[in-house]
Amino acid sequence: MTRVTGIGGVFIKAKDPVALRAWYQTHLGIDVQTWGGTAFRWVDAAGAPTGGTTAWQIGDGANFAPGTASFMINYRVADLRALLKALREEGCRVLDQVEESDYGRFGWVVDPEGNKVELWEPPAGQ
């Protein structure tokens with residue numbers, strides 16, 4: 001079974017999300033949008049666009065619970081339901097909640113260090 005196929009996003013917890021967003025925008029040139037992040041479009045080695053984006057966002061980290069890390073990685077997966085089932089069978093701590101939206105399916109597992117890991121199955125064709 002194919003499991004992780006790439007990184008879908010990086011989410012950063014901040015004490016002052018507005019100030020940290022401004023720092024990244026000013027000093028690293030990241031085009032931070034009103035929702036608190038940006039979507040980096042993928043390009044090939046020559047700089048030509050390819051399919052896909054990686055989300056990057058700064059927020060208060062409320063969605064990281066029960067994890068306590070200052071970041072959360074979102075991994076693209078091929079088949080969320082099959083992967084969550086396999087992870088449960090392997091004894092991993094899989095959270096019961098699965099979200100479905102126009103953006104795809106989302107599920108979560110907690111690693112042995114207590115970090116919440118987001119798993120994302122994009123909509124068909126993306």
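The legends below describe several views of one predicted model.

**Figure 1. Overall view of the predicted chain.** The chain contains 2 helices and 8 strands. Read from the N terminus, these elements follow the order β-α-β-β-β-α-β-β-β-β. Along the principal axes, the C-alpha atoms fill a box of roughly 45 × 35 × 25 Å. Of the 126 residues in the chain, 37% are buried. Among contacts with a separation of 6 or more, 55% link residues that lie 24 or more positions apart. The accessible surface amounts to about 7,800 Å², and carbon and sulfur atoms account for 53% of this area. The chain carries 12 positive and 15 negative charges, and the mean positions of these two sets are 2 Å apart.

**Figure 2. Strand β3 and its partners β1 and β2.** Strand β1 (residues 4-13) runs parallel to strand β3 (residues 49-59), and 5 bridges join the two. Strand β2 (residues 37-43) pairs with β3 in the antiparallel sense, over 6 bridges. Alanine 55 in β3 appears in both pairings: glycine 9 stands opposite this residue, and so does alanine 39. The hairpin of β2 and β3 has 5 residues between the strands, and glycine 47 in this hairpin takes a positive phi near 90°.

**Figure 3. The largest nonpolar core.** This core is made up of 9 residues: Val77, Leu80, Leu83, Leu84, Leu87, Val94, Val109, Val117 and Leu119. Both α2 (80-89) and β8 (116-121) supply at least two residues each. The contribution of α2, 4 residues, is the largest share. A second, separate core has 8 residues, including Phe106, Trp108, Val110 and Trp120.

**Figure 4. Close-up of leucine 119.** Leucine 119 is one of the residues of the largest nonpolar core. Apart from neighbours within four places in sequence, the contacts of leucine 119 are Tyr75, Val77, Leu80, Leu83, Leu84, Leu87, Arg105, Phe106, Gly107 and Val109. Leucine 119 in β8 is also the bridge partner of glycine 107.

**Figure 5. Strand β7 and the strands paired with it.** Strand β7 is mostly covered, with 6 of its 7 residues buried. Three of its pairings are shown, with β5, β6 and β8. Strand β5 (residues 93-94) is antiparallel to β7 and pairs with it over 2 bridges; here arginine 93 has valine 110 of β7 as its bridge partner. Strand β6 (residues 99-101) is likewise antiparallel to β7, with 3 bridges between them. In that pairing, serine 101 is matched with glycine 104 of β7 as bridge partner, and a hairpin of 2 residues connects β6 to β7. Strands β7 and β8 run antiparallel and are joined by 6 bridges. In a regular strand, side chains alternate between the two faces of the sheet.

**Figure 6. The turn between β7 and β8.** The hairpin of β7 and β8 has 5 residues between the strands, and glycine 114 in the turn has a positive phi of about 90°. Glutamate 113 is found in the loop between β7 (104-110) and β8. Glutamate 113 counts as exposed because its relative accessibility is 71%, and exposed residues are those over 50%. Glutamate 113 and alanine 69 are 44 residues apart in sequence, while their C-alpha atoms are 9.3 Å apart in space.

Technical notes: Residues numbered from 1 in each chain as written. Predicted model: local features only at pLDDT ≥ 70, side-chain atom pairs only at ≥ 80, totals over all residues. Heavy atoms only, no water. Core = buried A, V, L, I, M, F, W, Y, C linked by side-chain atoms within 4.5 Å. Buried < 20%, exposed > 50% of the residue type's maximum accessible area, 1.4 Å probe, protein only. Contact = heavy atoms within 4.5 Å. Pairing = 2+ DSSP bridges. Areas by Shrake-Rupley, 256 points an atom, 1.4 Å probe, with all protein chains shown as cover. Lys, Arg positive; Asp, Glu negative; His and termini not counted. Charge placed at Lys NZ, Arg CZ, Asp CG, Glu CD.
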